[in-house]
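Hi,

Here's the structure I promised to pass along. Have a look, and my notes on its charged side chains follow below.

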Amino acid sequence: MNKIDILQLLGEKLKTYKNGKICTTAFNYALENYSEIYIPKGVYYIDKPLVIRSDTTIVADKEAEIILVKGTKTLLLKNQSVIDGSDLKIAVDAPKDYNITVCGGVWGEENTERLGYGASGCFDENDTFKGVSTCFLFSGVKNLTLKDIVFRQTAGFACQIGRISDFLIENIRFEKCFADGLHVNG
């Protein structure tokens, strides 16, 4: 298996933010190039969406905090093959992702209130997928596992899920979240 400890990708040139660093580029590089990513204890700030592909496992230490910085309009984590189904029915043979696992860690936002659709948790900066307002978005995944995760201070849904089959979600906790925890096929 192709593994990486995220600390191996974090260089000295990262922008400092509060008690950590903006790590978006390193995280997305890891997600593009490795099938297993380990996130050790620490605080990691993210300022753009992280995109997880098929056959990828993220394992985070229970004291690893992956936090979307305040003022970021987009969501924190999404799978690669998301398709907008708000206006048209999605074809049965539409692209999907397979075998995605996120285990452990604190995943959250710096928000202190519900911000609403179009203001936070958007699919992209232009809010092109109406109805998306979430920290995690999984759409079109077969074999999804989410376990031992803490969601913290999410302004929208903690996790929005659709077009999923063969999934396991267990031992999830929500701390000071401002909308649905798990929002399935909504």
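For what follows, a salt bridge is a side-chain nitrogen of Lys or Arg within 4 Å of a carboxyl oxygen of Asp or Glu. Keep in mind that this is a predicted model. By that rule, the count comes to six salt bridges.

Let's start with Arg 152. Its side chain meets that of Glu 65 in a salt bridge, at 3.4 Å from N to O. Arg 152 lies in strand 12 (residues 134–152) and Glu 65 in strand 8 (residues 64–68), so this pair ties together parts that are 87 residues apart in sequence. Arg 152 also has a salt bridge with Glu 175, at 2.8 Å from N to O. Here Glu 175 sits in strand 13, so the contact with Arg 152 in strand 12 joins parts 23 residues apart in sequence.

How exposed are these three? Arg 152 is partly exposed at 24% relative accessibility, Glu 65 is partly exposed at 26%, and Glu 175 is partly exposed at 22%.

These contacts belong to a bigger picture: Glu 65, Arg 152, Arg 173 and Glu 175 are linked in a network of salt bridges.

Then there's the pair Lys 142 and Asp 166, with a salt bridge whose closest N and O atoms are 3.9 Å apart. It links distant parts of the chain, with Lys 142 in strand 12 and Asp 166 in strand 13 (residues 157–175), 24 residues apart. Lys 142 is partly exposed, with a relative accessible area of 33%, and Asp 166 is partly exposed too, at 48%.

Cheers

Notes: Residues are numbered from 1 along each chain as its sequence is written. This is a predicted model: local features need pLDDT of at least 70, side-chain atom pairs count only at pLDDT 80 or more; totals for chains, interfaces and linings use all residues. Side-chain values use heavy atoms; hydrogens and water are left out. Helices (H or I, at least four residues) and strands (E, at least two) are DSSP runs, numbered from the N terminus. Buried means under 20% relative accessible area, exposed over 50%, partly exposed in between (1.4 Å probe, protein chains only).
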